[in-house]
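Reader: Can you walk me through this one, a few questions at a time?
Author: Sure, have a look first.

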Amino acid sequence: MRTNHTSCCFTGHRPAKLPWHYQESDPQCLALKRRIAAVLEVLYQNEYRHFICGMALGCDHYFCECALALRTSHPDITVEAAVPCPEQASRWSQEQQTRYARLLDACDFQTMVSPQYTPFCMQKRDRYMVDRASLLVAVYDGSSGGTQYTIAYALQKGLSIVDIPVTVGGTPRFADWISSLETP
């Protein structure tokens, strides 16, 4: 059983809410990925070893890829895919499904949170992640939706939150021990 005091979970926007949408070669997207990687390295230095990802398009995939990359230099890291339902990727493009399958295969653990799609399986997945972590890393622009829901639930549960602004120079919305981290 993984202990939650060394576990971290992630939340962030899907491509529709990101300024670059699906254009991951955009300099802003590349900068966000570098900031995520830098935050994960700091978390590792602060004893976090288990990273839980909800596997949605956009920021969840960036987080997962950064955690898997960090694991190459720190093999004591584990990465868990918290999958809301078996149909999560069924409506995605073939390219997106291929990336998703590659990420799932690379994770140390896969947890299927709901045996089938329901209107609430994404929120159930978000609660699952928060309930098993002591820290939430969020890429959040202040808009309503699943990221906001996950942050509200994490605050209710007393988790620390690391807020990574969507763009360089963006303002973090939560004060935290890592919020003053200088990242590229």
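Author: One definition up front: a disulfide here is a pair of cysteine sulfur atoms within 2.5 Å. This is a predicted model, where local features need pLDDT of at least 70, side-chain atom pairs count only at pLDDT 80 or more, and totals for chains, interfaces and linings use all residues. Residues are numbered from 1 along each chain as its sequence is written, and side-chain values use heavy atoms, with hydrogens and water left out.

Reader: How many disulfides does that rule give?
Author: Take Cys85: its sulfur is 3.9 Å from the closest cysteine sulfur, in Cys121, so that is too far for a bond. Cys64 is in no disulfide either, as the nearest cysteine sulfur, that of Cys107, is 3.9 Å away. The count comes to zero.

Reader: Is Cys85 buried or exposed?
Author: Buried means under 20% relative accessible area, exposed over 50%, and partly exposed in between (1.4 Å probe, protein chains only). Cys85 has 1% relative accessibility, so it counts as buried.

Reader: Where is Cys64, and which residues does Cys64 touch?
Author: Cys64 is at 0% relative accessibility, so it is buried too. Its place is in helix H2 (helices are DSSP runs of H or I, at least four residues, and strands runs of E, at least two, numbered from the N terminus). Contact means heavy atoms within 4.5 Å. Leaving out residues up to four places away in sequence, Cys64 touches Cys53, Met55, Val79, Leu103 and Cys107.

Reader: How do H1 and H2 pack: parallel, perpendicular or oblique?
Author: Helix H1 (residues 27–45) and helix H2 (residues 59–73) have axes 9 Å apart and an angle of about 50°; axes are lines fitted to C-alpha atoms over the stretch in contact, and angles run from 0 to 180 degrees between N-to-C directions. Under 35 degrees counts as roughly parallel, over 145 as roughly antiparallel, 65 to 115 as roughly perpendicular and the rest as oblique. H1 and H2 are therefore oblique.

Reader: How do the residues of the contact of H1 with H2 divide into nonpolar, polar and charged?
Author: Residues meeting there include Leu32, Ile36 and Leu40 in H1, with Phe63 and Leu70 among those in H2. Ala, Val, Leu, Ile, Met, Phe, Trp, Tyr, Cys and Pro count as nonpolar, Asp, Glu, Lys and Arg as charged, and the others, Gly among them, as polar. The split is twelve nonpolar, no polar and two charged.

Reader: What is the phi of His21?
Author: His21 lies in the loop between strand S1 (7–12) and H1. Although His21 is not a glycine, its phi is positive, at about 55°.
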